[in-house]
Amino acid sequence: LPLSGTSKSLCLLKLLHYRKTFAPINFKLIGIHIYFEDHIPEEVNQYCQTYCDELYILQPSAYQKNRIQQYEQKWESSVFQRFVFRLAKTYSCNTIALNHHLDDISVYFLNQMFYKARLRTYVPKRKYGRLSLVRPLAFVSEVMLKRMAEKERVPHLFQKNSVSTEKKIHELIRKLEKNNSSVKKNILHSVERIRQEYLPVQQKQ
């Protein structure tokens, strides 16, 4: 479980810790705090130590840090992906849990379409050989997570400010939700309902 220190990543950690109490399978929560700053606040360390079975605090090299921070979403960086997959292999993990929630997925989908001219999104679950990549918060809204963070007194650490393009898309979605509260869920489900007959026919080389 990559831990950024934001409230949503710590909410996910607490939810998975609670899930262990009644899950039909035994699993170990291994937290990986990938730190990009010069020091680690004690509050982060204490919170993660409380809910992780094992916790590792790592800092990328200057080269990795520079490459990763060029992207609005760290998971978009191939350097960051390789870093996380390598850690999963090192610690013998078979599942990586990411903290993208419903709002993240909706904004990312529209951002890719509007500004990158491509259809691309985050999916709730994906397999990479024996390794599974899951997003347990895929159907959870940002509002619900904020309520949980307040109720459970989850620390708000390193909360990044949204870039201008993300803010614009957030505002657009909020306006659309006034007439249709299912906008974000519809975006998530749309990638599962692709009509092949409407796709461009690829020319054979």
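Helices (H or I, at least four residues) and strands (E, at least two) are taken here as DSSP runs, numbered from the N terminus. What I am showing is a predicted model, in which local features need pLDDT of at least 70 and side-chain atom pairs count only at pLDDT 80 or more, while totals for chains, interfaces and linings use all residues. Residues are numbered from 1 along each chain as its sequence is written, and side-chain values use heavy atoms, with hydrogens and water left out.

Let me start with the sheet, which is open and mixed, with 3 strands in the order S4-S6-S5; strands count as paired if DSSP finds at least two bridges between them. At its edges are S4 (95–97) and S5 (125–128), each of which pairs on one side only. S4 pairs with S6 (residues 131–134) in the parallel sense over 3 bridges, and Val 134 in S6 is the bridge partner of Ala 97.

Now to the surface, where Met 113, Phe 114, Tyr 115, Leu 119, Leu 172 and Leu 176 make a nonpolar patch of about 580 Å². Such patches are made of residues with over 30% relative accessible area and no salt bridge, with nonpolar side chains (Val, Leu, Ile, Met, Phe, Trp, Tyr) joined within 5 Å and like charges within 9 Å; a salt bridge is a side-chain nitrogen of Lys or Arg within 4 Å of a carboxyl oxygen of Asp or Glu, and accessible areas come from the Shrake-Rupley method with a 1.4 Å probe, where for residues only the protein chains shown count as cover. Helices H5 (102–116) and H7 (164–177) are the elements giving two or more residues to the patch, and H5 provides the largest share, 3 residues. Leu 172, for its part, sits in H7.
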